[in-house]
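Q: I would like to learn how to read the features of a two-chain model, one at a time. Could we begin once the coordinates are on the screen?

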Amino acid sequence: MDRVRFLELLVSRLLRTGVMVSGLLMVMGLGLLWATGDASCPSGVLSVGWVLFGDPFLEPSHVLFLGFFILIGTPLLRIVASATAHLVERDLVFALLNVSVLLILVVSFVLGVG
Amino acid sequence: MAVYWVIFGCFLVEGLFYAVFFKISRLSALLQRVIWFKGAPRGMQLLFTLYALTIALGSGFLGALLGLGGGVIMVPLMVFLLGVPIHIASGASIVAVVATSSAAASVYVRDEVTNMRLGMFLELATTLGALTGASFMAMAAESLLKTVFGLSLIYASTVMWYQLRNNRRSWVNKPNDWLAERLSLDGSYYDEARGEQISYGVTRTLNTFGVSYVAGVVSGLLGIGGGGIKVPAMNVVSSVPMKVAVATSNFMIGVTAAASAMVYIRHGFCDGFLTAPVVLGTLVGSYIGARVTGRLRGMFLKRVFVAVLLLLGLRMIASGVGL
């Protein structure tokens, strides 16, 4: 398979998988929320730790937010994947482009602006 | 001539829309008070979820079709129709924009419509811009900014409309300029509507890079996707076919939206009961939209885009001057 096509299929499948997994989690979370009648969706400032690990783990609203988190992570994972692919192919300019985009995102997140 | 009808039709729909929804919004404000608190009747909660799902379905479809995030369509609908507070609506829509982008891009990339190299190159500009914009957010005069942004959208739509009158296709084939040649940004895709393989070059790459940077600044300042600027930048400045511009814009939007979505979630502006149905609806809508785009003519897409851009511009100005 030619290298461009390989990257395209990699990105396309990655995006689709991320979307499907997060969609499934959201359906489950919403269903659980409905079934348990638990309306205690979290509000206020959330910690990254809560989104990742929950308290308790995998309670209905946590399943829901795990879905959001995976969805948001999908485009970022796509950049990581294409950076790696470009690096393997020795396409250094584009590997550098991807890495710097990732760095900018990290910086903006750490600074907490936006 | 047809383009006048499209624009006229859009105004008509928009007018009807406001006429109906302003009445409903009073009703829904009532509904809202019941639903937003615990212990609301199940039927009402279900109705609310269904409303949110429908709105999201429509804006996901349009978002995928036109390369916009869909947030600009979704947020006013949620505020007016469902009576949701605006920051909660924005929180839901920014997560939904990530969904539009990922779902649509997975189709466009697989079908080889997206120009991934161009997208990755311009991503640098938009993320840099978003960082700049977000840093200066506190100092920005939002009303002035909205007005200027609205004017630039109207300008872009006028230029595209002018091009439509003079050309028979949605783009003019131009060779790569030196930078595009250096980065090999040219591409080709199979146009389903025309039934032929179409090759294109990318001109004035640096200009498009600059415009994308500005789009990033605006999206950082106002918390919007900025697809309304990216698509004209690629199509008008760099002379990229309309479908490729739409697909590539979709590809890029997810990254900037993901960065903003993190911030929204952390600040607790992301209500699970609203966001989940909105995201699910958007996923389905944008998946359908991305499949439909291939069968449409670039010219048709461009016409619809011109009309939608004009409406968005007017609405942006209206909200800028405080209407």
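Q: Is S239(B) buried or exposed?

A: This is a predicted model, so local features are discussed only where pLDDT is at least 70. A residue counts as buried when 20 or more other C-beta atoms lie within 10 Å of its own. S239(B) has 20 other C-beta atoms within 10 Å, and therefore it is buried. S239(B) belongs to the loop between α9 (227-237) and α10 of chain B, and its phi is positive, about 60°, although it is not a glycine.

Q: Which residue of chain A has a positive phi although it is not a glycine, and where is its place in the chain?

A: That residue is R90(A), with a phi of about 65°, and its place is in the loop between α3 and α4 of chain A. Its surroundings can be read by counting in the manner used for S239(B): R90(A) has 7 other C-beta atoms within 10 Å, and so it is exposed.

Q: R90(A) follows α3(A); what should I look for when I read that helix?

A: One can begin with its span, then turn to its axis and finally to its surroundings. α3(A) has 29 residues and reaches 41 Å from its first C-alpha to its last, close to the 42 Å expected at 1.5 Å a residue. The axis nevertheless bends by about 35° at T74(A), and a proline, P75(A), follows within four residues. As for the surroundings, 21 of the 29 residues of α3(A) are buried, so this helix is largely enclosed by the rest of the structure.

Q: How does the span of α3 (residues 71-82) of chain B agree with what is expected, and which of its residues are buried?

A: The twelve residues of α3(B) should span 16 Å at 1.5 Å a residue, and the end C-alpha atoms are 15 Å apart, which agrees. The buried residues of α3(B) include G71(B), V72(B), I73(B) and M74(B), as well as V75(B), L77(B), M78(B) and L82(B). Just after α3(B) comes G83(B), which takes a positive phi of about 65°.

Q: What does the overall arrangement of chain A look like?

A: Read along the sequence, chain A follows the pattern α-α-α-α, with four helices and zero strands. Of its 114 residues, 39% count as buried. Among contacts in chain A with a separation of 6 or more, 67% are between residues 24 or more positions apart.

Q: How many residues of each chain are in contact across the two chains, and which elements of chain A take part?

A: In general, the size of an interface is often given as the accessible area lost when the parts come together. Here the description is by residue contacts: 44 residues of chain A are in contact with 48 residues of chain B. The elements that give two or more residues to this side of chain A are α1 (3-36), α3 (60-88) and α4 (92-111), with α1(A) giving the largest share, 13 residues. By residue type, this side of chain A divides into 29 nonpolar, 13 polar and two charged residues.

Q: Which residues touch the most other members of the largest nonpolar core?

A: The general idea is that, in soluble globular proteins, nonpolar side chains tend to be buried together. In this model the largest nonpolar core has 132 residues, of which V95(B), A261(B) and V279(B) touch the most other members. Helix α10 (residues 242-266) of chain B gives the most to this core, with 16 residues. Leaving aside neighbours within four places in sequence, V95(B) is in contact with F68(A), L71(A) and I72(A) from chain A, and with A261(B), C270(B), T275(B) and V279(B) from chain B.

Q: How do strands β1 and β2 of chain B run, and how many bridges join them?

A: In a regular strand the side chains alternate between the two faces of the sheet. Strand β1 (residues 187-191) of chain B and strand β2 (residues 196-200) of chain B run antiparallel and are joined by five bridges. Y190(B) stands opposite Q197(B) in β2(B). The hairpin has four residues between the strands, and G195(B) takes a positive phi near 70° there.

Definitions and conventions. Residues are numbered from 1 along each chain as its sequence is written. Chains are lettered from A and ligands numbered from 1 in the order in which they are written. This is a predicted model: local features need pLDDT of at least 70, side-chain atom pairs count only at pLDDT 80 or more; totals for chains, interfaces and linings use all residues. Two residues are in contact if their C-beta atoms, placed from the backbone, lie within 7 Å. Ala, Val, Leu, Ile, Met, Phe, Trp, Tyr, Cys and Pro count as nonpolar, Asp, Glu, Lys and Arg as charged, and the others, Gly among them, as polar. Two strands pair if DSSP finds at least two bridges between them. A residue is buried if 20 or more other C-beta atoms lie within 10 Å of its own, exposed if 12 or fewer, and partly exposed in between; C-beta atoms are placed from the backbone. A nonpolar core is a set of buried Ala, Val, Leu, Ile, Met, Phe, Trp, Tyr and Cys residues joined through C-beta atoms within 7 Å. The expected span of a helix is 1.5 Å times one less than its number of residues. The bend at a residue is the angle between axes fitted to the seven residues ending there and the seven starting there.
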